[in-house]
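Here is a short set of exercises to work through with the model open beside you. Try each task before reading its solution.

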Amino acid sequence: GKNRSLDVYAGTEGIDFIIDGHSHTVMTSGMDGEPVQSTGTRFANIGVVVVDDKAEIEDHYLIAADGLESDSEVAALTEEIKEKVDAKYNEVIGYSEVELEGEREVNRSRMTNNGMITADALLWYISNHPELINDGTDGVLSIQVGGSLRAEIAQGNVTKKDLFTVHPFGNTVNIVYVTGAELLEVLEASTFCTPSMIGGYPHTSGIKFTIDTTMPYDNGELYPNSTYYRPASINRVTIE
């Protein structure tokens, strides 16, 4: 892609240093010496940047997180904040009569009750806010990708914490206008390998679509800045 921190640095003037977040890369500088530092994922490293009294970067480096001793003052402060957050997030906001599926493999390979209720909620929101769309609420559907469903919800009381565990990314509702042909293309492309896993697997509300997994996917050209191929023809998906 062209949206990496290294690309931002190459296309921007006046940047002294970039601390790259949510990247799987571990580096203290780019391959060509760019001032970009990234700590990787899952708290593998702690990134350190030393700034002197002239507000200039004196040093920067990574420390492996393994083996570091916890600081009692920081631990106490963390616990205090966690208690406040838990008090708010543990409020019960609903009840589920069934377990809502959360397995990664399942949500990325077929429709699940967790995906369907999420898609239903998106459609419900739009249907109750007709001022957000141009032509009323006819012909409106919703799509939730399976890769964003990150946990199950157990049968019983449902809390805000449950919802934020399922949906941790702070995604918002996006409204787009498509033709029927474009919708078919979206569904075909995002299920090209189904039933094998794909993060873009579409959980839908407002339509019923069928995938014929025995039919081959017809690879067209690559989508821009992507590893996915546009379908040269619609072979696998039909919409009712």
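**Exercise 1. Find how strand 1 is joined to strand 3, and where each strand of their sheet stands.**

*Solution.* Keep in mind that you are looking at a predicted model.
- Start with the pair itself: strand 1 and strand 3 (residues 36–39) run parallel and are joined by 3 bridges.
- Pick out one bridge by its residues: D20 has S38 in strand 3 as its partner.
- Now widen the view to the sheet, which is open, has 3 strands in the order 1-3-2, and shows mixed pairing.
- Strand 1 (18–20) and strand 2 (26–27) each have a single partner strand, so they stand at the edges and one side of each lacks a neighbour in the sheet.
- As a general reminder, the strands of a sheet pair through backbone hydrogen bonds, in parallel or antiparallel fashion.

**Exercise 2. Decide whether T204 is buried or exposed, and list what T204 touches.**

*Solution.*
- Locate the residue first: T204 belongs to strand 9, which covers residues 202–205.
- Next, check its relative accessible area, which is 6%. Buried means under 20%, so T204 counts as buried.
- Finally, look for its contacts, leaving out residues up to four places away in sequence: T204 touches M111, A119, S142, I143, L187 and F209.

**Exercise 3. Do the same for N171, then work out how far N171 lies from D66.**

*Solution.*
- N171 sits in the loop that links helix 5 (160–166) with helix 6 (180–189).
- Its relative accessible area is 55%. The cut-off for exposed is over 50%, so N171 is exposed.
- For the distance, go from C-alpha to C-alpha: N171 and D66 are 32 Å apart in space, with their positions 105 residues apart in sequence.

**Exercise 4. Describe the overall build of the protein: its elements, its extent and its charges.**

*Solution.*
- Count the elements: the protein has 6 helices and 13 strands.
- Take the extent along the principal axes, where the C-alpha trace spans about 65 × 45 × 40 Å.
- Compare the radius of gyration with the globule rule: the protein has 23 Å, whereas a compact globule of 240 residues would be near 18 Å.
- Turn to burial: 28% of the 240 residues are buried.
- For the surface, the protein exposes about 16,100 Å², and carbon and sulfur atoms supply 52% of this area.
- Last come the charges: there are 16 positive and 38 negative side chains, and the centres of the two sets are 4 Å apart.

How values were computed. Residues numbered from 1 in each chain as written. Predicted model: local features only at pLDDT ≥ 70, side-chain atom pairs only at ≥ 80, totals over all residues. Heavy atoms only, no water. Helix = DSSP H or I, 4+ residues; strand = E, 2+ residues; numbered from the N terminus. Rg over C-alpha atoms; globule rule 2.2 N^0.38 Å. Buried < 20%, exposed > 50% of the residue type's maximum accessible area, 1.4 Å probe, protein only. Areas by Shrake-Rupley, 256 points an atom, 1.4 Å probe, with all protein chains shown as cover. Lys, Arg positive; Asp, Glu negative; His and termini not counted. Charge placed at Lys NZ, Arg CZ, Asp CG, Glu CD. Contact = heavy atoms within 4.5 Å. Pairing = 2+ DSSP bridges.
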